[in-house]
Amino acid sequence: MAARLVIAITSQDIGARITTRRRVPEGFRDAVGILVSWESGVLTVRKKDGTLVEIPEETLVAARVVPAAPPRPGRT
């Protein structure tokens, strides 16, 4: 059974943790993080390491809201 590629986010999800898959010249690239903005057709996602990824919405092939990352063992 093949996975369904669905874009299930909107600008109302700003502040939520999301996962995205987008087309790039080499194939596909994924980004997981907090959706910090969605303006003029560009999504900005802050990854766990703090870097910002700008994603033109026309390159999205899949996206959805995901739960917060579980705490790592040994960290509070």
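# Notebook: strands, hairpins and pockets

I counted the secondary structure elements and found five strands and zero helices in the protein. The model I worked from is a predicted one. Read from the N terminus, the order of elements is β-β-β-β-β. I also looked up the extent of the protein: along the principal axes, its C-alpha atoms fill a box of roughly 40 × 35 × 25 Å.

**Burial and contacts.** The protein has 76 residues, and I noted that 32% of them count as buried, taking buried as under 20% relative accessible area. For contacts between residues at least 6 apart in sequence, I found that 44% join residues at least 24 apart.

**Sheet order.** I traced the pairing and got an open sheet of five strands, β4-β3-β2-β1-β5, paired antiparallel. The edges are β4 (52-56) and β5; each has a single partner strand, so one side of each has no neighbour in the sheet. I then looked up the twist: on average, neighbouring strands of this sheet are turned by 40° against each other, direction ignored.

**β1 and β2.** I found eight bridges between β1 and β2, in the antiparallel sense. A hairpin of two residues connects β1 to β2. For one position in this pairing, I noted that Arg 23 has Phe 28 of β2 opposite.

**β2 and β3.** β2 and β3 run antiparallel and are joined by six bridges. I looked for the partner of Glu 39 and found Val 42 in β3. Two residues lie between the strands of this hairpin, and Ser 40 in the turn shows a positive phi of about 50°.

**β3 and β4.** The antiparallel pairing of β3 with β4 covers five bridges. I recorded two positions here: Val 42 is opposite Pro 56 in β4, and Val 45 has Val 53 of β4 as its bridge partner. The hairpin of β3 and β4 has four residues between the strands, and Gly 50 in this hairpin takes a positive phi near 95°.

**Faces of β4.** Which residues of β4 point to the buried face? I went along the strand and found Val 53 and Ile 55 on one face, both buried. Leu 52, Glu 54 and Pro 56 point to the other face and are not buried. In a regular strand, side chains are expected to alternate between the two faces of the sheet.

**Largest pocket.** I looked up the largest pocket and noted about 240 Å³ of space in it. It is lined by 12 residues, and the closest to its centre are Leu 5, Thr 19, Ala 62, Ala 63 and Arg 64. At least two lining residues come from each of β1 (17-24) and β5 (60-65). I sorted this lining into six nonpolar, two polar and four charged residues.

**Second largest pocket.** The volume of the second largest pocket is about 190 Å³. I listed its lining as Arg 17, Val 32, Gly 33, Ile 34, Arg 46, Lys 47, Lys 48, Ala 69, Pro 70 and Arg 72. The elements giving two or more residues to this lining are β2 (27-39) and β3 (42-47). β2 supplies the largest share, three residues. How many residues of this lining are charged? I counted five charged, with four nonpolar and one polar.

Methods. Residues are numbered from 1 along each chain as its sequence is written. This is a predicted model: local features need pLDDT of at least 70, side-chain atom pairs count only at pLDDT 80 or more; totals for chains, interfaces and linings use all residues. Side-chain values use heavy atoms; hydrogens and water are left out. On a 1 Å grid over the protein atoms alone, a cavity is a set of points where a 1.4 Å probe fits but cannot get out, and a pocket is an open set with protein on both sides within 12 Å along at least five of seven lines; lining residues have an atom within 4 Å of a point. Grid points are joined across faces, edges and corners, and a volume is the space filled by probe spheres set on the points. Ala, Val, Leu, Ile, Met, Phe, Trp, Tyr, Cys and Pro count as nonpolar, Asp, Glu, Lys and Arg as charged, and the others, Gly among them, as polar. Two strands pair if DSSP finds at least two bridges between them. Axes are lines fitted to C-alpha atoms, for helices over the stretch in contact, and angles run from 0 to 180 degrees between N-to-C directions. Buried means under 20% relative accessible area, exposed over 50%, partly exposed in between (1.4 Å probe, protein chains only). Contact means heavy atoms within 4.5 Å.
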